[in-house]
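Visitor: I am new to this structure and would be grateful for a guided introduction. May we look at it together?

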Amino acid sequence: MEKIDKVSFNHFISEGQKVVEFIAGWCVDCKRIAFSMPAWEEEYTSFRFGEIDVDEAREIAESRDVKGVPTFIAFRDGREIGRLHSKEAKKEENIEAFLDRITEGVTCS
């Protein structure tokens, strides 16, 4: 998982297929989910994964309308193609279903 910040965010999402997890250092669910991320990166190889801390990049989170953490947003060439809001992103099975949908090319939000 690549760590991104407010300086590298736009460049990171600009080309290709990316999944960005919006996290916070104090978020217990974010820490729990982190254990599954390596397996998801290995399984969903059509996407590059990154994470950005909302406390360190508040303006990015606000501009992307991120209201809670963890939130996953998928991008294709800089354009949002799917989103998994924080209330749904706390369960691994929901995250896997989201990754399956975006991998299959289904736009979801």
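**A buried aspartate, its sheet and its core**

Guide: D53 is in contact (heavy atoms within 4.5 Å) with I23, A24 and G25, leaving aside neighbours within four places in sequence. This is a predicted model in which local features need pLDDT of at least 70, side-chain atom pairs count only at pLDDT 80 or more, and totals for chains, interfaces and linings use all residues. Residues are numbered from 1 along each chain as its sequence is written, and side-chain values use heavy atoms, without hydrogens and water.

Visitor: Which backbone nitrogen does the side chain of D53 reach?

Guide: D53 is buried (under 20% relative accessible area, 1.4 Å probe, protein chains only) and has no salt bridge, a term for a side-chain nitrogen of Lys or Arg within 4 Å of a carboxyl oxygen of Asp or Glu. The nearest side chain of opposite charge, R58, is 7.3 Å away. At 2.7 Å, the side chain reaches the backbone nitrogen of D55.

Visitor: Which strands stand at the edges of the sheet?

Guide: D53 lies in strand β3, residues 48-53; strands are DSSP runs (E, at least two residues). The open sheet of five strands has mixed pairing and the order β1-β3-β2-β4-β5, where pairing requires at least two DSSP bridges. Each edge strand has a single partner, so one side is left without a neighbour in the sheet: these are β1 and β5.

Visitor: Which residue in β3 does F22 stand opposite?

Guide: Strand β2, residues 17-23, runs parallel to β3 and is joined to β3 by six bridges. The residue opposite F22 is I52.

Terms used: Helices (H or I, at least four residues) and strands (E, at least two) are DSSP runs, numbered from the N terminus. Buried means under 20% relative accessible area, exposed over 50%, partly exposed in between (1.4 Å probe, protein chains only). Lys and Arg count as positive and Asp and Glu as negative; His and the chain ends are not counted. A polar contact is a pair of N or O atoms within 3.5 Å; within protein, one must be able to donate a hydrogen and the other to accept it, and residues adjacent in sequence count only if both atoms are side-chain atoms.
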